[in-house]
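Work through the exercises below with the sequence and the model open. Each task is followed by a solution in steps.

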Amino acid sequence: MSTNTSESSDDSHSALTRVRRSKVWEHFEQNLVEGDDGFKAVCKYCQIHLSTKSGTSSLRTHISQYCHAIGEVDRKRFIATLKKPIENFVFDPQLWRDRMIEFVIHAEIPFNKFEDPYFEPWVESVHPSLSSVGLGRQTVRNDCLKKYQTMKGDLYNELQSLDSHVCLTSDMWTSVQNSYIL
C-alpha cells in the first residue's frame, strides 16, 4: 500500500517538473501550486492561480488580455511570439473572389448585403488591393450565376459519361399559404 502512495506522489512530482516548451511559462512561476481541483500555475505579475488541465490556452489568454499587472511592453512582446510568421504568402485576388462566391452560395447570403456601408471597409481591411474590386450586388450575382453555369455543365458532363440511367422524381404539394412548392 505504501508503494502505491509513493508511486502516485512520484507521478504528481514528475508532472510538476516536466519540461515546459511554451513561451507562456516565462510569465508564470516554475512550480505549480496544488489547489482544490488539481495543480495550478501562478502568474508572476498578479499572483492569480490558473488551471493547466486543458493545456496552456488559459494561461496565454490571461497574459495577452486579462492580466492587469503586466507591463504593456511585456504584453506586446508576448503577443508577438504568438503570431506565426507567414512565409512565401502570395495574395491571389481571383482565388479570394472564388472562395467568397462559394461562401455566399453555401451560406445563402442575400446579394443586397454587399451594399452594406460596412462591407467595403471590412474588405479593404482584409487586403488593401481589394478596394478596387468593386463588389456590388450585381457583380456578386453575376459571379454566382457563372459558378452555377460551371457546376451545371460539370454535372451534365458527369451524367453523360455514366453507363447507367438516372431517374428523378418530384413531389408537388400546396402549402398553408396556398403557394405551390416543388
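Helices (H or I, at least four residues) and strands (E, at least two) are DSSP runs, numbered from the N terminus. This is a predicted model, in which local features need pLDDT of at least 70 and side-chain atom pairs count only at pLDDT 80 or more, while totals for chains, interfaces and linings use all residues. Residues are numbered from 1 along each chain as its sequence is written, and side-chain values use heavy atoms, with hydrogens and water left out.

**Exercise 1. Describe the make-up of the protein chain.**

Step 1. Count the elements: the protein chain has 6 helices and 5 strands.

Step 2. Put them in sequence order, which gives α-β-β-β-α-α-α-α-α-β-β.

Step 3. Turn to burial (buried means under 20% relative accessible area, exposed over 50%, partly exposed in between, with a 1.4 Å probe and protein chains only). Of the 182 residues in the protein chain, 20% are buried.

Step 4. Turn to contacts (heavy atoms within 4.5 Å). Taking those between residues at least 6 apart in sequence, 36% join residues at least 24 apart.

**Exercise 2. Characterise the packing of α4 and α6.**

Step 1. Two packed helices are described by the angle between their axes and the distance between the axes. Axes are lines fitted to C-alpha atoms, for helices over the stretch in contact, and angles run from 0 to 180 degrees between N-to-C directions.

Step 2. Helix α4 (residues 93-107) packs on helix α6 (residues 137-160) at an angle of about 85°, and their axes are 10 Å apart.

Step 3. Classify the angle: under 35 degrees is roughly parallel, over 145 roughly antiparallel, 65 to 115 roughly perpendicular, and the rest oblique. α4 and α6 are therefore roughly perpendicular to each other.

Step 4. List the contact residues: α4 supplies Arg97, Met100, Ile101, Glu102, Val104 and Ile105, and α6 supplies Thr139, Val140, Asp143, Cys144 and Lys147.

Step 5. Sort them by class (Ala, Val, Leu, Ile, Met, Phe, Trp, Tyr, Cys and Pro count as nonpolar, Asp, Glu, Lys and Arg as charged, and the others, Gly among them, as polar). The contact of α4 with α6 has 6 nonpolar, 1 polar and 4 charged residues.

**Exercise 3. Is Asp143 buried or exposed, and with which residues is Asp143 in contact?**

Step 1. Locate Asp143: this residue belongs to helix α6.

Step 2. Asp143 has a relative accessible area of 13%, so Asp143 is buried.

Step 3. With neighbours within four places in sequence left aside, Asp143 contacts Arg97 and Ile101.

**Exercise 4. Find residues other than glycine with positive phi, and place them.**

Step 1. One of them is Gln47, with phi near 65°. Gln47 sits in the loop between β2 (38-42) and β3 (49-51). At a relative accessible area of 44%, Gln47 is partly exposed.

Step 2. Another is Glu108, with phi near 55°. Glu108 lies in the loop between α4 and α5 (119-126). Its relative accessible area is 71%, so Glu108 is exposed.

**Exercise 5. Place Ser22 relative to Arg60.**

Step 1. Ser22 lies in the loop between α1 (2-17) and β1 (33-35). Ser22 is partly exposed, with a relative accessible area of 24%.

Step 2. Ser22 and Arg60 are 38 residues apart along the chain, and 9.4 Å separates their C-alpha atoms.
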